[in-house]
Structures are given as structure tokens and as C-alpha cells.
Amino acid sequence: MARRRLLALGGGLALTGGLVACSSPLASGLTGSQPNTADVIFWNLFTGGDGANMVAMEDRFRKDHPGTSVEATVLGWGNPYYTKLALATASGTPPDVGVAHLSRLPLLAASGLLEPIERTGLSELGVTADKFTPAAWRKATVDGTVYAVPLDTHPFVLYYNVDLARRAGLLDSGGSLVRLQGADDFVAAVRAMKTAGGAQYGAVMSITADPSTAWRCFSMIYSGLAGPVVTDSGTTIALDDEAVQETVAFLQRLTGGGLMPGNLNGSGANALFSTGKAGFLFDGEWQIPSYRQVKGLRFDVVPFPALLGPEPVAYADSHALVVPRNTARSDTRTRDAALFIKGLLDNSAVWAEGGHIPAWLPTQRSKAFLDLSPQRHYVQAAFDAQYDPEAWYTGAGSDFQNVVGGTIIEALAGRITPRGTVSALRADLERFTTARPPVTMK
């Protein structure tokens, strides 16, 4: 693959002066020498609470394996990270272990940037398919070859205010949210939350200037009715017009009926849910740590019920661990990389404290994880996970999510009709399906 085509791996991001400011090991990598300053060079994109948890896991590995050193580097989230990882790998100077979202995996694998897991020695350490959440392991597999080790599943989930739910009559005898089934049941529950004492809205979601969240919500509901919006590795529009209209009509029952605001930013959603002014919150489980800090807020988290289809669907992505391809990497460094990956899996109960569901079943079934609340309440979402459609332009932080999510924002605000949303989405998708891919996906 020509290097000029490689620049497209970051979703079309052009690299300019940002390369000059990059610290080791990337800057050294671009000049042709990956510094062996540790036995394992590890790149990731975690800051905040996730970053602190990852550091704790790294430290535990160092303690458990004092003879194996690790140098961890945190790079910018999204397209910048993936572009840097691609450039460093193409120049022959990648890290030994990197983090990747599974929604980004197909392009990385098709570009020849990743080492198949079967060549890393991980299976000899017990890292095998039977020990992972099936949906995540399938997503880690491209054309029959496994290229990543799933670390977690992080789904879009349903938060609810326990006190408002009790006043609304939505708790069962065990104090958990009653079983909801279907659109009418769900809308009735949202309405009951709004009419419960003190609530201003039945539900809230970050919408304004948050296209990824809008896309997650739409995709989750739409996927209960139809397959992926694009197929054939992202070259064919497969949009189901009726499913789009039904999905948008359902969402507009919430926003158009005053049960849920049609224009609301992240801080507004946070404020309304935190202060008991909204009964439900639609968001990712990664927000759990921030709500735990709210004094007096009693909340729980569950998977979304089946809404427009017979079975529940959980929009999700997964953080995964990859070994970037490097023909110069020694067998010793490869063994150390595999040992490090296995160590992170074994310590992934720490990772789960940030809300993520461990993909490693020994951790998912451990007392350390099952003692975590509300994490244990939405584990089923990992088994019902639906990822972005397979294409070179989809995935976490992609332009695809921004563009398509932008159209969904307009629909949520009521500025376009369900039928108009179909036309708008088709125009969005045509922009991507007709673009020249950086590599041949199949």
C-alpha cells in the first residue's frame, strides 16, 4: 500500500505539523528507529478515569512480572491515534501492543497492519475463543482470522433514577426496573417517569452537537428491524426505508411529545438526570463513574429492552488489544507482548470499574466483577451487541458517525420528517459508499 494512501486510514485526516510535536516513540518511529526502551512498548488512547484504571493494570503487571518492563504512551483519541498507529506500523516502527476499537478493526486488518493473534503465542497462554464474549470475539475476526484480543464491550445503555421509578410504579418486588417489551410499553414508562413527582422529562439524551450519541441511539433501534445500513464492505447502501421511518417515528414520539427534549447538549442531560429532573438517561456505560459522584442520586443501569423488534439490541463497541505487524520484532519481544496482553485480561476487573463489561469470561464470571454494581446488571448487553457496519469509513470517532449522526439530530429535533430522514440518510451514505477506499477490504 502506498504511503500516500495510508493517510486515509485515519478517516481522511491529513497529518501536518502535528507530527513534529509527537513525542517518543512515534517521532523516533518516523525516522526509522523504534527505541527499545522497555521490553513492551504500549500505545493506548485512555485518559481520565479509564486512563487511571489502565495505569493501575499496567502497574499490576509490572508487579507480577518484575522481569518484564513496560513503557506506555497515551496518544490523542480518534482519528489522530489511528493515523499515527498506521504510519508507525508502515514505517516498520510500531509499538509492541496497541489499543484499537473493534469497529476500526476491518480496515487495520485489510491494510496488513496487524499480526494475526495465532502468530503471537497468546493461545499457548490460554487466550482462546471459548473464554471471550462471543459477539466481541466474532468482531475481532476478519475473514476467518482473529486480529485482536477483546478487552471489553462498552454498550449504549438505559440509566434510570431509582426514586423516580419507584414513584412511577416501575419497580418490581425486588426493586429493579420492571420488564418492558415493545415501543408502547417503553413510551408508557417514559411518560410515567415524567408524571412522577419532581420530573421535568421522562428521558434525556445528549443530542445537540453530539452526533455519535444520536447515531448510537438510532442504530440500536433500527437494528431491531433491519440489517446494516451498508453492506459489501461499505460499498453498497442497504438502508431499509420502512425501518428508518418506523425508527424515526418512534423517536419523535418521545421528542415531539414533550417526553424528551429534542435539543439538549451533554451538560444539560447530565444536569437534568443528576438533579432528578429526568427519569431515564440514554448514554454509554462509560458515564457511570461521573454519576457515582453525584450526592443523593440513586440510579441503576440496564440494557435497553426490545423496542421495534422481537429481540433486544445493544449498540456497542469494544476496546481491544492488537499486536501491530513488525517483521523486525524478535521472538522474545513477541512473547513479552503476549504476556502483557494476558496480564491486562487477568486484571480486567480493574478495567470494569469504569463501567466496561470485561470480554474475558474468567473476569466477567469472577466475584470481583459480580460484586460491582450496576455493572453486573447490564452484562447481557455484551451478548446482544451490535457494532457499526463493516466498512473502511465506519467506527469509533469516524466521519461516518458525525455525518449520519448529524442527520439523526435533525430528525430528533423534528426538523425533518421520517420520510425526509430516509432521503437525507441515503445522501449521507452515498457520500461514503462512492468514495475511493484506501485499501481493498476483501
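Let's start with the empty spaces inside this predicted model: the structure holds two cavities of 30 Å³ or more. Rolling a probe the size of a water molecule over the atoms shows where empty space is left. The largest cavity takes in about 60 Å³. Around that space sit Met220, Ile221 and Gly224, together with Phe304, Pro305, Ala306, Leu307, Leu308, Gly309, Glu311, Pro312 and Val313. Sort the lining of the largest cavity by class and you get nine nonpolar residues, two polar ones and one charged one.

Now for the second largest cavity, at about 40 Å³. Its lining is made up of Trp215, Phe218, Val229, Leu239, Val404, Leu425 and Leu429. Helix 10 and helix 20 (418-433) are the elements that each give two or more residues to this lining. By class, the second largest cavity is lined by seven nonpolar residues, with no polar and no charged ones.

Phe218, from that lining, is a good place to turn to the aromatic rings. The model has 24 aromatic pairs. In one of them, the rings of Phe218 and Tyr222 have centres 5.4 Å apart and planes at 20°; planes under 30 degrees apart count as stacked, so this pair is stacked. Both residues belong to helix 10, where Phe218 and Tyr222 are four residues apart, or about one turn of the helix. Are they buried or exposed? Phe218 has a relative accessible area of 1%, so it is buried, and Tyr222, at 2%, is buried too.

Tyr393 and Phe400 make another aromatic pair, a tilted one, with 5.9 Å from centre to centre and 40° between the planes. Both of these residues are buried. The two pairs turn up again in a wider group: ring pairs link Trp215, Phe218, Tyr222, Trp392, Tyr393, Phe400 and Phe432 into a cluster.

Step along the chain from helix 10 (211-222) and you come to the loop that leads to strand 9 (230-231), which is where Pro228 sits. Pro228 has a relative accessibility of 40%, so it counts as partly exposed. If you skip its neighbours within four places in sequence, Pro228 is in contact with Ala238 and Pro389. As for Ala269, 41 residues separate it from Pro228 in sequence, and the C-alpha to C-alpha separation in space is 29 Å.

Next, the nonpolar cores. The largest has 65 residues, and those with the most contacts inside it are Tyr160, Leu170, Phe186, Phe250, Leu254, Phe280 and Phe282. Take Phe280 and leave aside its neighbours within four places in sequence: its contacts include Leu158, Tyr159, Tyr160, Leu170, Leu177 and Phe273. Also among them are Ala189, Val190, Met193, Gly202, Ala203 and Val204. Another core, of 57 residues, lies apart from the largest one, and among its members are Val99, Val142, Leu321 and Ala385.

Last stop: the largest pocket, with a volume of about 520 Å³. Which residues are the closest to its centre? Of the 21 that line this pocket, they are Asp50, Trp77, Trp286, His319 and His356. Helix 4 (48-64) and strand 13 (314-317) each supply at least two residues of the lining. By class, the lining of the largest pocket has eight nonpolar, ten polar and three charged residues.

Key: Residues numbered from 1 in each chain as written. Predicted model: local features only at pLDDT ≥ 70, side-chain atom pairs only at ≥ 80, totals over all residues. Heavy atoms only, no water. Buried < 20%, exposed > 50% of the residue type's maximum accessible area, 1.4 Å probe, protein only. Contact = heavy atoms within 4.5 Å. 1 Å grid on protein atoms, 1.4 Å probe; cavity = no way out; pocket = protein on both sides within 12 Å on 5 of 7 lines; lining within 4 Å. Points joined across faces, edges and corners; volume = space filled by probe spheres on them. Nonpolar A, V, L, I, M, F, W, Y, C, P; charged D, E, K, R; others polar. Phe/Tyr/Trp six-rings, centres within 6.5 Å; stacked < 30°, edge-to-face > 60°. Core = buried A, V, L, I, M, F, W, Y, C linked by side-chain atoms within 4.5 Å.
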